[in-house]
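Welcome! Here is a short guided tour for anyone meeting this structure for the opening time. Take a moment to look it over before reading on.

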Amino acid sequence: MQLARIEQLLVGTAVPFTRPGSHSAIAKQPTAGPVAVGSEGLAGDEQGDRRVHGGVYKALHHYPFEHYHHWRAQLGHSPLLERPGAFGENISTTGLGEADLCLGDVLRCGNVLLQVAQTRQPCWKLNDRFGVQDMSLRVQRSGLCGWYYQVLEPGELQVGQALLLEQRAYPRWPLTRVMDVLYRRPLERADLLELAELPLVPNWRTLVERRLQNNAVEDWSKRLDGLANAEQPAG
């Protein structure tokens, strides 16, 4: 089943960012295809902090372009919102959102096989990117976070390629439900136990197990707000 077509592929270079010692490649720019994609993402794409961005479980970030309508309504005119790349995404499409995909979905795109690994956990760099103090929290509350792919089979991607749903193992877990459990009902034990049965990426498994063990939600403040003089872990 065809879900969407790639409308833009984007890559970025890591450069010094807004806070002392910080770097970011959030300012993504369109790239001409075909573009090689390996286990850690698109050729030519970088991450500013490899502790928390990039890697095999965050190889590609997909952000729907129709979400930009919501942010233009919220923030007013911004040059950042005129074209894809504002949110650090690698893949931009229309017609495909968080409600249309489930955790673990496998997608075929040309000779590349992708798996939906996790949703984005917004971090303070969005605050600084947009000049809006609570932008990361707004994104989290909106559920318009986008998602990350793991690359199961490398190859080449290019604009115009169709994204085809090849396998859906967990239809009870659309990404909207995942984010509902993460952020809106974070201590709902039945949902956490069900989520724990899925093949979660390591940091999510740790998160779920700690919530179940401690009956407490992890501190989001460092991720959402950051500190003035330090690079903070983020999703």
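Is C102 buried or exposed? At 5% relative accessibility, C102 falls under the 20% cut-off and therefore counts as buried. Please keep in mind that this is a predicted model.

**Cysteines without bonds**

The structure holds zero disulfides. Why does C102 have no such bond? Its closest cysteine sulfur, in C145, is 16 Å away, which is too far for a bond. C123 tells a similar story: its sulfur is 11 Å from the closest cysteine sulfur, again in C145, and that is too far for a bond. C123 is also buried, at 5% relative accessibility.

**An aromatic cluster**

Now let us turn to the rings. There are eight aromatic pairs, and two of them are set out here.

| Pair | Arrangement | Centre to centre | Angle between planes |
|---|---|---|---|
| Y63 and F87 | stacked | 4.4 Å | 20° |
| W71 and F87 | tilted | 6.2 Å | 40° |

The pair of Y63 and F87 links distant parts of the chain, 24 residues apart: Y63 belongs to strand 8 (residues 60-64), while F87 is in the loop between helix 1 (67-75) and strand 9 (91-93). Y63 is buried, with a relative accessible area of 0%, and F87 is buried as well, at 1%. W71 lies in helix 1, so its pair with F87 ties together parts that are 16 residues apart in sequence. Like F87, W71 is buried. Y63, W71 and F87 belong to one aromatic cluster, together with F65, Y68 and F130.

Another ring has a charged partner: the charged end of R177 sits over the ring of W173, 3.7 Å from its centre.

**A three-stranded sheet**

Next comes an open sheet of three strands, in the order 7-6-13, with antiparallel pairing. Strand 7 (41-42) and strand 13 (155-157) are the edge strands, as each pairs on one side only. Strand 6 (residues 35-38) joins strand 13 in the antiparallel sense over three bridges. In strand 13, G155 is the bridge partner of V37.

**An asparagine with a positive phi**

Which residue has a positive phi of about 50° although it is not a glycine? The residue is N215, placed in the loop between helix 6 (202-214) and helix 7 (221-225). At 55% relative accessibility, N215 counts as exposed, whereas C102, where we began, is buried.

How values were computed. Residues numbered from 1 in each chain as written. Predicted model: local features only at pLDDT ≥ 70, side-chain atom pairs only at ≥ 80, totals over all residues. Heavy atoms only, no water. Disulfide = S-S within 2.5 Å. Buried < 20%, exposed > 50% of the residue type's maximum accessible area, 1.4 Å probe, protein only. Helix = DSSP H or I, 4+ residues; strand = E, 2+ residues; numbered from the N terminus. Pairing = 2+ DSSP bridges. Phe/Tyr/Trp six-rings, centres within 6.5 Å; stacked < 30°, edge-to-face > 60°. Lys NZ or Arg CZ within 6 Å of the ring centre and 35° of its normal.
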